[in-house]
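Here are my notes on the model you sent over. I went through it point by point, so have it open while you read.

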Amino acid sequence: MEAPGSRWSSPLQDKANDQLSPFWIGIGEDDFLLTSEKALETLLNDHHVKYSAHISKGGHTWPNWRHYLHDFLPLLFQPAGK
C-alpha cells in the first residue's frame, strides 16, 4: 500500500491525461452548476488528472460562454506538444 499523498496511477488518470488535452473548465461564480463543478475538480484532483479551471463573474450566461470560447478555442489549434 502506498503512503497517503504519494503519486499513483489510475485508469482515469492515464486515459484523461493522454486523451483530454487541453481539459479546460469554465464556469461563473453564480452558475447553478458550480457545486457540481467543484465536485468534478475534487474527483480530477483525487485521480491526478490535469485540467485548467476558470471561474468568472456571473452565471450560466451567453456573455460568459463568449469569453470562454474566446479563451479556449485558440488552445485547440496549437501545434501538438504545446
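Which pattern does the chain follow, read along the sequence? The answer is α-β-α-β-α. Keep in mind throughout that this is a predicted model.

1. Overall make-up. The chain has three helices and two strands. Of its 82 residues, 22% count as buried. The accessible surface comes to about 6,300 Å², and carbon and sulfur atoms account for 61% of that. As for contacts, take those between residues at least 6 apart in sequence: 73% of them join residues at least 24 apart.

2. Trp24, and what sits around it. This residue belongs to strand E1. Its relative accessible area is 16%, so Trp24 counts as buried, the cut-off being under 20%. Leaving out neighbours within four places in sequence, Trp24 is in contact with Ser52, His54, Tyr68, Asp71, Phe72 and Leu75. With His54 there is also a polar contact, side chain to side chain, at 2.8 Å. Leu75 is 51 residues away from Trp24 in sequence, yet the two C-alpha atoms are 9.3 Å apart in space.

3. The aromatic rings. I'd look at these straight after Trp24. The structure holds two aromatic pairs. In the pair made by Trp24 and Phe72, the ring centres are 5.6 Å apart and the planes meet at 40°, so this pair is tilted. Trp24 lies in strand E1 and Phe72 in helix H3 (residues 62–76), so the pair ties together parts that are 48 residues apart in sequence. Add Tyr68 and you have the whole group: Trp24, Tyr68 and Phe72 form one aromatic cluster.

4. The cis peptide. Worth a look on your screen: the bond joining Ser21 and Pro22 is cis, with omega about 0°. Pro22 lies in the loop between helix H1 (11–19) and E1, and Ser21 is in the loop between H1 and E1 as well. Ser21 is exposed, because its relative accessible area is 60% and the cut-off is over 50%. Despite a separation of 54 residues along the chain, the C-alpha atoms of Ser21 and Leu75 are 9.2 Å apart. Leu75 is also one of the residues in contact with Trp24.

5. Salt bridges. How many does a search of the whole structure find? It finds one. The partners are Glu41 and Lys38, whose closest N and O atoms are 3.9 Å apart; the cut-off is within 4 Å. Both residues are in helix H2 and they are three residues apart, so about one helical turn separates them. Their surroundings are worth checking too: Glu41 is buried, with a relative accessible area of 14%, whereas Lys38 is partly exposed at 39%.

6. Asp31. Where does Asp31 lie? Its place is in the loop between strand E1 (24–28) and helix H2 (34–46). Asp31 is buried yet has no salt bridge. The nearest side chain of opposite charge is that of Lys38, and it is 12 Å away. What the side chain of Asp31 does reach is the backbone nitrogen of Leu33, at 2.8 Å. Not counting residues up to four places away in sequence, Asp31 touches Gly58, Gly59 and His60.

7. His48. One backbone angle to check: phi of His48 is near 55°, a positive value in a residue other than glycine. His48 sits in the loop between H2 and strand E2 (52–56). Is this residue buried, partly exposed or exposed? His48 is partly exposed, with a relative accessible area of 25%.

8. Where I'd go back to. If you have time for just a few spots, I'd pick the cis bond between Ser21 and Pro22, the positive phi at His48, and Asp31, buried and without a salt bridge.

Note on methods:
Residues are numbered from 1 along each chain as its sequence is written. This is a predicted model: local features need pLDDT of at least 70, side-chain atom pairs count only at pLDDT 80 or more; totals for chains, interfaces and linings use all residues. Side-chain values use heavy atoms; hydrogens and water are left out. Helices (H or I, at least four residues) and strands (E, at least two) are DSSP runs, numbered from the N terminus. Buried means under 20% relative accessible area, exposed over 50%, partly exposed in between (1.4 Å probe, protein chains only). Lys and Arg count as positive and Asp and Glu as negative; His and the chain ends are not counted. A polar contact is a pair of N or O atoms within 3.5 Å; within protein, one must be able to donate a hydrogen and the other to accept it, and residues adjacent in sequence count only if both atoms are side-chain atoms. Contact means heavy atoms within 4.5 Å. Accessible areas come from the Shrake-Rupley method with a 1.4 Å probe; for residues, only the protein chains shown count as cover. Rings of Phe, Tyr and Trp (its six-membered ring) pair if their centres lie within 6.5 Å; planes under 30 degrees apart count as stacked, over 60 as edge-to-face and the rest as tilted.
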